[in-house]
Amino acid sequence: MRHFEFKNGEMHAENVPLAKIAAEVGTPCYVYSTATFERHFNVFKNSVSGINSLIAYSVKANSNIGILATLSKLGAGADVVSGGELQRALTAGIPANKIVFSGVGKTKHEIEAAANAKIKIFNVESIPELYAINEVAARMNYLAPIAFRVNPDVTAGGHKKISTGKKEDKFGIAWNKAEHAYAIAKSCSNIEIVGIDVHIGSQIDHLEPFEKAISKVGNLIKKLHANGHNIRCFDIGGGLGIPYGNETIAPPDPSNYGAMVKQLTKKMNVEIIFEPGRMISGNAGILLSKVLYVKKGEDRNFLIIDAAMNDLLRPALYDAFHEIEPVRKKPEKEQVEKYDVVGPICESSDTFTKSRKLSKINQGELIVMHTAGAYGASQSSQYNTRPLIPEVLVKDNKYEVIRKRPTINDILKSENIPNWLI
Ligand code: LLP
């Protein structure tokens, strides 16, 4: 069941017409569906039922506190990668004992904040980082629970820019150094070894890479148990691919993913931590935009829209595909045109798609870009001094702005002209 659908020829988010949101909030803006968040979270939860597990939603996919609070109510924990994300998760009411802290470059300040909150696990990515955590923990008279993120050297599909589990990637402890890392951790006064962690990439469209990584780490867990390490949590990261509408093979069904994990981990005697991001939020959001101009080039038609690469970076960064639809349904026999859909930013990469066949679209019309709920708003910037765009959360027939559009003055307020020029 989709929650962005045409009703009487007008696309709605649940029971709110998108045209109403555009008129009242302005465009461009992100619109999210509560029902979709709930559905996706529960689909995932049901897929992994029967596994002793924690679902730690990967905050980076969509970090708005309104969304985090929605997921918290459903029982989600959080995977955070910065002090900022930690504060978001705590502010949204996610209990600290359901928060894991990932990332290759935690600062001592961030480590201290996480230790103060008493999070569930620090996922440690290097020995120097382990020492930093030990040092902060010693100063605080605290025993820091850690897992090492190991790099299993597995190729994981997706786009090369979002593959993280190969030995040439910056992530995790090198496979052949993992056992030694645990030995070092054991000798640290303020470190408690509690787990192991792996995350191999994102938008992974088949199960084999997950199987390989989980089995490989499973063997390592056996060795670590034999070496006397109390590994009781296995964080298998996120990465499950979702449909964007252009794929030739469908991404794995979450229930098959869940069954695979259950099968592979049933004898490991550990709690499994999942860090899904895109799977929960991707199809729960759209980017709503207005066509500013239709320009006829020499041999192309450009739809110049009011959203740009600073609002949704994925096409510019990863050549990502997002399905595009007009908000008002076109008659079946409407003429079809090929469009380059572009934003107003002064870069050629500010192009959402090239030569996309769409029914004829006119100046002033509203369009949506689908599957924009993950890595959309959270990757946006104010490039070209374009204010961050609003985020709107719909629930049934009501909606609320959960991030408001700053004014240009808000942006300028944080800057100043140096004294020596005044
Ligand atoms: N855990 C860790 C440690 C991660 O680094 C990530 C994503 C996740 C979990 C969640 O992965 P997911 O379930 O969402 O695939 N900006 C890119 C995606 C970057 C993913 C980074 N790490 C995009 O727009 O496709």
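Trainee: How much area does the chain expose, and what share of it do carbon and sulfur atoms supply?

Mentor: This is a predicted model, so every value here is computed from it. The chain exposes about 19100 Å², and 51% of that comes from carbon and sulfur atoms.

Trainee: What share of the residues count as buried?

Mentor: Of the 422 residues in the chain, 55% do. You can also look at who touches whom: among contacts with a separation of 6 or more, 70% are between residues 24 or more positions apart.

Trainee: How many helices and strands should I look for?

Mentor: You'll find 12 helices and 21 strands. The chain has a radius of gyration of 23 Å, close to the 22 Å that the globule rule gives for 422 residues, so it is as compact as a globular protein of that length. Along its principal axes, the C-alpha trace spans about 70 × 60 × 40 Å.

Trainee: Let's zoom in on one helix. Which residues of α4 are buried?

Mentor: Start with the general idea. An α-helix has 3.6 residues a turn, so residues three or four places apart point the same way. Now the case here: α4 runs over residues 83–91, and its buried residues are G83, E85, L86 and A89. Looking down the axis of α4, you see them fall within an arc of 160°, so they line one face of the helix.

Trainee: Which exposed residues sit on the face turned away, and what covers the buried ones?

Mentor: The face of α4 turned away from the buried side carries Q87 and T91, both exposed. The cover over the buried residues includes the helices α3 (65–73) and α5 (108–117), along with the strands β6 (77–80) and β7 (99–101). Just after α4, G93 takes a positive phi of about 95°.

Trainee: Where are the unusual backbone angles in residues that are not glycine?

Mentor: Here's the rule of thumb first. Most residues other than glycine have a negative phi, and most peptide bonds are trans. Y375 is not a glycine, yet has a positive phi of about 55°. T385, not a glycine either, has a positive phi of about 50°. Y375 sits in the loop between β19 (366–369) and β20 (391–395), and T385 is also placed in the loop between β19 and β20.

Trainee: Is Y375 buried or exposed, and how does T385 count?

Mentor: Y375 is buried, at a relative accessible area of 14%. T385 counts as partly exposed, with 44% relative accessibility.

Trainee: Where is the cis peptide bond?

Mentor: It joins T27 and P28, with omega at about -5°. Look for P28 in the loop between α1 (18–25) and β4 (29–33).

Trainee: How many aromatic pairs does a search of the whole structure find?

Mentor: A pair of aromatic rings is described by the distance of the centres and the angle of the planes. In this structure the search finds eight aromatic pairs. Ring pairs link F44, F210, Y257 and F274 into a cluster.

Trainee: Which charged ends sit over rings?

Mentor: The charged end of K216 sits over the ring of W175, 4.9 Å from the ring centre. K295 has its charged end over the ring of F302, 5.9 Å from the centre.

Trainee: One last stop: which loop holds N230, and what does N230 touch?

Mentor: N230 is in the loop between α8 (208–226) and β12 (233–235). Leaving aside residues up to four places away in sequence, N230 touches I193 and V194. N230 is partly exposed, with a relative accessible area of 45%.

Terms used. Residues are numbered from 1 along each chain as its sequence is written. This is a predicted model: local features need pLDDT of at least 70, side-chain atom pairs count only at pLDDT 80 or more; totals for chains, interfaces and linings use all residues. Side-chain values use heavy atoms; hydrogens and water are left out. Rings of Phe, Tyr and Trp (its six-membered ring) pair if their centres lie within 6.5 Å; planes under 30 degrees apart count as stacked, over 60 as edge-to-face and the rest as tilted. A charge sits over a ring if NZ of Lys or CZ of Arg is within 6 Å of the ring centre and within 35 degrees of the ring normal. Helices (H or I, at least four residues) and strands (E, at least two) are DSSP runs, numbered from the N terminus. The radius of gyration is taken over C-alpha atoms; the globule rule is 2.2 Å times the number of residues to the power 0.38. Buried means under 20% relative accessible area, exposed over 50%, partly exposed in between (1.4 Å probe, protein chains only). Contact means heavy atoms within 4.5 Å. Accessible areas come from the Shrake-Rupley method with a 1.4 Å probe; for residues, only the protein chains shown count as cover. The arc is that of the directions from the helix axis to the C-beta atoms.
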